[in-house]
Number of protein chains: 2
Amino acid sequence: MKLLRIALLSFALGGALSAFAQPAATPSTYEQTAASQGAANKEAGPRSFPAHSAPVPTNEVSPEMQKMIAAPYPPHFNADPKDAAEWKELINRRAAGAIAALPAMKEKLGVTVKPAVMGGVKVFIVTPNKMPPANRRRLLVHVHGGGYVFGPGEAALPEAILLAGFGSYKVISVDYRMPPDAPYPAAMDDAMAVWKEAVKMAKPKNMAIFGTSTGGAMTLAMVLRARSEKLPLPGAIAPGTPWSDIAKIGDTYETNEWIDNVLVTWDGWLGRAAKLYANGHDLKDPQLSPIYGDFHGFPPAILTSGTRDLFLSNTVRTHRKLRRAGVTAELHVYEGMSHAQYGFDMNAPETREAFTEIARFFDRHLGR
Amino acid sequence: MKLLRIALLSFALGGALSAFAQPAATPSTYEQTAASQGAANKEAGPRSFPAHSAPVPTNEVSPEMQKMIAAPYPPHFNADPKDAAEWKELINRRAAGAIAALPAMKEKLGVTVKPAVMGGVKVFIVTPNKMPPANRRRLLVHVHGGGYVFGPGEAALPEAILLAGFGSYKVISVDYRMPPDAPYPAAMDDAMAVWKEAVKMAKPKNMAIFGTSTGGAMTLAMVLRARSEKLPLPGAIAPGTPWSDIAKIGDTYETNEWIDNVLVTWDGWLGRAAKLYANGHDLKDPQLSPIYGDFHGFPPAILTSGTRDLFLSNTVRTHRKLRRAGVTAELHVYEGMSHAQYGFDMNAPETREAFTEIARFFDRHLGR
């Protein structure tokens with residue numbers, strides 16, 4: 001890289017490189033940046049871009065979302081648990097925070113939650129206090145996010161409660177097994193066991209599968225697996241910012257790295273969780289990275305992401321591949337939003353908006 | 001900024017700062033980057049991100065598009081013409097390249113082009129050799145892109161030819177007046193004069209307005225102005241990556257700065273053209289920045305952008321504001337694509353795909 005060579009040259013001229021020199025400055029004026037960037041990008045190839053600071057966007061962004069966009073990196077972004085015990089400590093610590101927020105969510109959104117077992121798998125049945133008549137014959141299956149490691153037990157529930165409450169749908173949320181105890185394919189086996197039972201409770205065309213991040217990838221993988229196992233397909237799906245390529249493949253893994261303040265980078269806990277879950281399996285197996293599956297014949301899909309989302313490319317690659325397969329597919333991208341932030345604050349207008357878009361999409365596409 | 005302070009400290013320790021020292025290096029290992037980024041983003045506020053190099057994405061991206069994504073910055077990205085003569089020299093030099101490509105485009109896409117005058121304004125009538133019966137009673141109006149300065153005369157035609165050819169629609173392309181000779185509101189006056197004549201040629205509900213970048217902003221501004229002047233509205237619109245905020249306001253003006261290899265930065269020729277066109281008018285006037293207009297009652301809209309597009313935020317802000325106003329609005333975002341690259345190479349599969357998406361959207365929403 002030319003810039004690196006210039007930097008090294010200038011260090012050599014300027015004196016011995018201090019042991020803790022960590023140059024990270026952009027040139028100080030616009031014209032200097034334009035000159036150095038022009039030089040670094042004057043030939044075809046990878047795109048070089050400078051260190052930069054981006055303000056919190058304010059237009060078409062609510063104060064609640066601005067607060068999420070401004071938030072610092074999460075403390076665990078670079079967590080590197082050394083063994084099962086360290087993973088569980090991190091998983092349980094994060095779960096406790098999610099579970100503590102549930103009573104207020106259930107109260108505000110007017111839903112009840114009951115644990116159950118379906119096909120031998122633990123689930124939660126989330127029922128809104130009010131349902132329009134058409135939705136009484138409809139049913140949603142929720143697969144939670146969390147990189148295949150986070151969100152055990154009730155910690156999986158926030159998104160299910162948001163869609164039940166804002167969308168007025170009954171939801172079965174799958175408490176699937178996860179690493180470190182149960183790597184791939186345990187999570188998918190559990191989700192499919194629940195799907196097989198769920199399709200006895202309503203017409204499959206009246207049902208949808210949804211989930212965010214890992215749950216979005218599992219949503220896509222469930223449709224692939226249902227098709228290959230000759231099981232009924234749902235009438236619609238909502239893979240939210242799906243982890244459709246579990247490897248670090250896709251443009252915004254690079255361009256939004258260090259910009260997304262939720263996932264931050266694949267090279268932190270996220271990629272470590274990917275390897276823990278995959279447990280030696282090929283990361284391009286469509287059951288692990290559903291972007292490599294065949295999307296022909298998929299039900300109508302609605303996808304959600306944000307301009308700072310590390311998974312924006314996972315989302316748009318999935319959207320385009322669905323469209324190229326002739327599938328009805330809607331895309332919604334929110335200004336300034338990092339990964340999955342549309343599900344973090346039930347009081348943010350964007351949260352209501354995103355889940356209402358999904359629910360109205362289901363209204364249009366599910367059978368009655 | 002903490003990082004800058006560390007960098008300056010290390011220079012002070014390392015020796016005198018060379019006059020041409022331009023440190024641009026990222027720390028060399030992932031763990032160093034994670035540590036410095038974690039330190040720089042440990043409090044709420046603007047997002048700091050490091051210098052970075054992003055490879056050309058290859059999945060869900062055609063070889064033709066990969067070539068465009070890999071391309072160097074355009075030589076004029078930081079052009080700063082000092083007077084009208086210098087602007088015209090640049091404008092005409094760029095136009096010559098576009099015009100030279102037209103014969104092959106017309107031939108391959110099977111369209112004819114005839115100059116005409118409508119409402120006192122120069123236009124081109126672009127007619128496909130084959131049109132399905134439904135489209136013979138439909139008509140599109142095209143407003144070209146180019147930052148309100150580029151694309152005079154026939155240089156405006158590539159996008160009109162692409163939609164006429166791939167979409168099988170008859171198109172009126174408006175050769176509106178531009179700076180340096182004619183600043184705001186000349187371009188909009190010309191576009192509206194054509195619209196007033198065009199609605200006599202077909203039912204307005206059978207008509208659409210479309211355009212990319214500046215043309216996308218003008219598309220939105222035309223609907224606002226038609227509504228305020230009690231003129232008929234079109235049946236659908238396609239604002240492609242619209243310059244909906246002409247000022248440098250919006251998240252990806254920052255996060256995709258130096259990553260987009262078409263516009264590169266607002267601070268180069270683009271912002272200079274904005275000021276030349278606005279000619280002292282308020283940049284938040286909805287006729288200059290239509291994002292500040294009221295979108296209630298707008299016709300169905302289809303929007304197109306890319307993950308590296310400097311105007312991704314202009315696009316998604318417009319999409320969300322349309323949706324919040326209850327308007328049917330579709331969003332399509334292409335992997336790795338910078339600003340407007342879906343219209344640059346008629347042989348790229350993404351070009352056919354983007355214009356086919358727009359045409360089929362018009363098919364669904366225009367009257368017959």
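A residue is termed buried when its relative accessible area is under 20%, and by this criterion helix 11 of chain A in the predicted model, which comprises residues 312-324, is mostly covered, with ten of its 13 residues buried. The buried set begins with Leu312(A), Ser313(A), Asn314(A), Thr315(A) and Val316(A) and further includes Arg317(A), Thr318(A), His319(A), Arg320(A) and Leu322(A). The length of the helix is consistent with its residue count, because 13 residues at 1.5 Å a residue should span 18 Å, and the end C-alpha atoms of helix 11 of chain A are indeed 18 Å apart. Helix 11 of chain A is followed by Gly326(A), for which phi is positive, near 80°.

A second region of interest is centred on strand 6 of chain A (residues 171-174), from which Val171(A) and Ser173(A) point one way while Ile172(A) and Val174(A) point the other way, all of them being buried. Strand 6 of chain A is joined by four bridges to strand 4 of chain A (residues 121-128), the two running antiparallel, and within this pairing Phe124(A) stands opposite Ser173(A). Strand 6 of chain A also pairs with strand 5 of chain A (residues 139-143), here in the parallel sense and again over four bridges, with Leu140(A) standing opposite Val171(A). The connection between these parallel strands passes from strand 5 of chain A through helix 6 of chain A (residues 157-167) to strand 6 of chain A, forming a β-α-β crossover that is right-handed.

Notes: Residues are numbered from 1 along each chain as its sequence is written. Chains are lettered from A and ligands numbered from 1 in the order in which they are written. This is a predicted model: local features need pLDDT of at least 70, side-chain atom pairs count only at pLDDT 80 or more; totals for chains, interfaces and linings use all residues. Side-chain values use heavy atoms; hydrogens and water are left out. Buried means under 20% relative accessible area, exposed over 50%, partly exposed in between (1.4 Å probe, protein chains only). Two strands pair if DSSP finds at least two bridges between them. A crossover is right-handed if, with the strands pointing away from the viewer, the path from the first strand over the helix to the second runs clockwise. The expected span of a helix is 1.5 Å times one less than its number of residues.
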